[in-house]
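Thanks for making time this morning. I would like to walk through one model with you, sheet by sheet, and then look at a pair of helices.

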Amino acid sequence: MTRNQAPTLESERDSARGCVLVVDDNQALRRAVAKMLRRAGHEVMEAESGTEAAELIACHAFDVVVSDIAMPDMDGIELLELTHRREPDLPVLLMTGMPKLETAVKAVEYGAFEYLVKPVEPAKLEESVARAIRQHQSSSARRQALESAERLRDAHPPSSPSQRGDCPWTGELLAGRYRVGRLIGAGGMGSVYEAVREDLGHMRVAIKVLHAGVAAHLELVQRFRREAELVAAIEHPNIVKILDFDAAASGPTFLVMELLHGLTLGQAIKREGRLPAERVAFIASQVLGALGAAHAAHVIHRDLKPDNVFLMAMSGLGDIVKLLDFGAAKLLAASEERKLTQTGVVLGTPAYMAPEYARGGSVDERGDIYGVGCVMYEALTGQEPFVAENYNALLFLIQDQTAHPLAALRPELPPGLIEVVDRAMAKDPAERFQSAQAMADALAPWVVPESSPGRTVAAPDEDLGTAPTLLTPSGPPAR
């Protein structure tokens, strides 16, 4: 940080004062943290156990909770889960003196604001608390704005969705419980919005509203619902969680997902260009872990691409993966003959399509292996494996040509890693890795340990932007 930046950070800290609950069964550490935060200008309350903290949260309005993880009666992870059931917008910072990847992943999965390793530098703790308070205040303001909009809407009923332009569902109450907020992105299947569930503590979620052309075909909606239910049943931490599905005749067909914060791998590549080999291996290993669980449940992704690989950050632990849009490509394939297209929207992603699929053949798990290879190729080189002037030319390249050699574009890469990517991208499915686990095992030598301090992490307040699904945490890498 430069000298010119320091006053800005100080002013941000000064503007983010709030009420903090400090939870730790170690009295000395708890009082030290509380004293530090009081000195920074915060109002602080203390709890010596998770149970006591839960009781305080039920009767006091806090802006942030700072909790130890290892506690005897109710640990920090359990407190986090309980807190977010009661107060979905209340940030929880977790601290531990015994960092473990499994614990960090659980922290991310349950929505921890940050995961800090003791001893925590005072400046780092103060900065994290200030950011958490700003987020909580922003969430509260957004909720109040939505409530205000609801009152105005009751007084002045809106026009029909078809008359409201590019964000037709913003402000609407879907299924009597989901208040739709801003439009986040759009794709071939539908549009994705931020929303709050008004009947469950204003829990923030992501809603994908299917385009009318897709929702008009009952068999497609039924198939999509079956696939959504199957993915929801997998419950893998590296797969975006599907929370609800509604296809009532009285409203639009929509899918409800967890709301994520971070950025996609595609955005990371655009920002940073070529990524380090170890980072790419770490990300790919988690994608393969998610695919392994999906394949075991007989679900094939069919639309692997950097924009469907979402990256989360938790303090020093970065690049936790959440795989997006399961089942969408399969549904798109089924609807191609019905020409469910619209201006400016491309169904599917041909650049990452397996050759057998490009020829019109069937795709099994090895088609996803090919997709992982293409994603790794782009992350390592900064460019797509195949580029052509039109759709037909691209399909020809995928079927009959090989990508520019990875070794020529990145000669410094380990030969063994290049072999893994080349094998994954083999034209013949029989020559590829035959399972996600087999590819993950081959990648293991280049997966950076979770304690590595050098990995670039995603900004925790980054919006998903135009990525096809939405934004929250999760996911252990396949080892």
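**Two sheets and a helix pair**

Let me begin with a single pairing, in which Val-23 stands opposite Ala-47 of strand S2. Please keep in mind throughout that what you see is a predicted model. Val-23 closes strand S1, residues 19–23, and this strand pairs with S2 in the parallel sense, over five bridges.

Stepping back from that pair, we find S1 and S2 in an open sheet of five strands with parallel pairing, and the order across the sheet is S2-S1-S3-S4-S5. At its edges are strand S2, residues 43–47, and strand S5, residues 114–117, each of which pairs on one side only. If we ignore direction, neighbouring strands here are turned against each other by 20 degrees on average.

Now to the helices that accompany this sheet. Helix H3, residues 50–59, lies across S1, S2 and strand S3, which spans 64–68, and H3 runs at about 135 degrees to S2. Helix H4, residues 76–86, also packs on the sheet, where it touches S1, S3 and strand S4, residues 92–96, and the direction of H4 makes about 175 degrees with that of S4.

Let us move on to the other sheet I want to show. This one is an open sheet of six strands, paired in the antiparallel sense and ordered S6-S7-S8-S9-S11-S10. Because S6 and strand S10, residues 242–246, each have a single partner strand, they stand at the edges, and one side of each is left without a neighbour in the sheet. Helix H8, residues 218–234, packs on this sheet in contact with strand S9 (203–210), S10 and strand S11 (254–258), and its direction makes about 160 degrees with that of S10.

At the S6 end, strand S6, residues 173–174, and strand S7, residues 178–186, are antiparallel and share two bridges. Together S6 and S7 form a hairpin with three residues between them, and in the turn Ala-175 has a positive phi of about 55 degrees. Within this pairing, Leu-174 stands opposite Tyr-178 of S7. On to the next neighbour: six bridges join S7 to the antiparallel strand S8, residues 190–197, and there Ala-186 has Ser-191 of S8 as its bridge partner.

Tyr-178 deserves a second look. How many aromatic pairs does a search of the whole structure find? The search finds one, and it is formed by Tyr-178 and Phe-254, edge-to-face, at 5.8 Å centre to centre and with 80 degrees between the planes. Since Tyr-178 lies in strand S7 and Phe-254 in strand S11, the pair ties together parts that are 76 residues apart in sequence.

Finally, the helix pair. Helix H10, residues 277–296, packs against helix H17, residues 436–443, at an angle of about 160 degrees, with the axes 9 Å apart. As angles over 145 degrees count as roughly antiparallel, that makes H10 roughly antiparallel to H17. The crossing of these two helices is left-handed. On the H10 side the contact is made by Ala-281, Ala-284, Ser-285, Leu-288, Leu-291 and Gly-292, and on the H17 side by Ala-436, Met-439, Ala-440 and Leu-443. Sorted by character, the residues of this contact are eight nonpolar and two polar, with no charged residue.

Definitions and conventions: Residues are numbered from 1 along each chain as its sequence is written. This is a predicted model: local features need pLDDT of at least 70, side-chain atom pairs count only at pLDDT 80 or more; totals for chains, interfaces and linings use all residues. Side-chain values use heavy atoms; hydrogens and water are left out. Two strands pair if DSSP finds at least two bridges between them. Helices (H or I, at least four residues) and strands (E, at least two) are DSSP runs, numbered from the N terminus. Axes are lines fitted to C-alpha atoms, for helices over the stretch in contact, and angles run from 0 to 180 degrees between N-to-C directions. Contact means heavy atoms within 4.5 Å. Angles under 35 degrees count as roughly parallel, over 145 as roughly antiparallel, 65 to 115 as roughly perpendicular and the rest as oblique. A crossing is left-handed if the near helix is turned anticlockwise from the far one by less than a right angle, and right-handed if clockwise. Ala, Val, Leu, Ile, Met, Phe, Trp, Tyr, Cys and Pro count as nonpolar, Asp, Glu, Lys and Arg as charged, and the others, Gly among them, as polar. Rings of Phe, Tyr and Trp (its six-membered ring) pair if their centres lie within 6.5 Å; planes under 30 degrees apart count as stacked, over 60 as edge-to-face and the rest as tilted.
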